[in-house]
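Biologist: Could you walk me through this one? I would like to go question by question.

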Amino acid sequence: MTFTRRLPLGWPVAAVLLLAAGPALAQPVCIGAQRKIDEAGALRFQARQDARIGDRDRVCDNLGDAEDRYEDARDKLDDCGLNVASVDLKSALRSVRQEKRFFRCD
């Protein structure tokens, strides 16, 4: 049996953000974008925990909030001038929308 270590969901987004951003992250708008990405990751984690206990309403609420945070982060990255990093958020948004469809949140 092989055990693999799973990285947090926000890790690829954060890695691309750091590589693409470089010194631009010093701008307050860019820091706010990273905060929104971190919040979205925490909300997705909470949604998974709520799914484990069977609270579908809270899962849907948390996934909806995570989607909002990703959209806010994308807007902040566009304001910051990091359009390349904001493109990677599309995959995170797509993933949240798939999770919402799976739990029949829409």
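Modeller: Gladly! A word on terms before we start: buried means under 20% relative accessible area. Please keep in mind that the model is predicted.

Biologist: Thanks! Which residues of α3 are buried?

Modeller: The cut-off is under 20% relative accessible area. Cys60 has 15%, so Cys60 passes as buried. The full list for α3 is Val59, Cys60, Asn62, Leu63, Gly64, Ala66, Glu67, Tyr70, Ala73, Leu77 and Cys80.

Biologist: What distance separates the end C-alpha atoms of helix α3?

Modeller: Helix α3 covers residues 56-80, which makes 25 residues. At 1.5 Å a residue the expected span is 36 Å, and the model agrees, with the end C-alpha atoms apart by 36 Å.

Biologist: Nice. Which residue just after α3 takes a positive phi?

Modeller: The phi in question is about 95 degrees, just after α3. The residue is Gly81.

Biologist: Which cysteine forms a disulfide with Cys60?

Modeller: The structure has one disulfide by the sulfur distance rule, and its sulfur atoms are 2.1 Å apart, within the 2.5 Å cut-off. The link joins distant parts of the chain, 45 residues apart: helix α3 and the segment after α4. With -80 degrees about the S-S bond, the link is left-handed. The partner of Cys60 is Cys105.

Biologist: And the aromatic pair: what is the arrangement of Phe102 and Phe103?

Modeller: Happy to finish there! Phe102 is exposed at 63% relative accessible area, while Phe103 is partly exposed at 23%. Their centres are 5.1 Å apart and their planes meet at 85 degrees. An angle over 60 degrees counts as edge-to-face, so the arrangement of Phe102 and Phe103 is edge-to-face.

Terms used
Residues are numbered from 1 along each chain as its sequence is written. This is a predicted model: local features need pLDDT of at least 70, side-chain atom pairs count only at pLDDT 80 or more; totals for chains, interfaces and linings use all residues. Side-chain values use heavy atoms; hydrogens and water are left out. Rings of Phe, Tyr and Trp (its six-membered ring) pair if their centres lie within 6.5 Å; planes under 30 degrees apart count as stacked, over 60 as edge-to-face and the rest as tilted. Buried means under 20% relative accessible area, exposed over 50%, partly exposed in between (1.4 Å probe, protein chains only). Helices (H or I, at least four residues) and strands (E, at least two) are DSSP runs, numbered from the N terminus. The expected span of a helix is 1.5 Å times one less than its number of residues.
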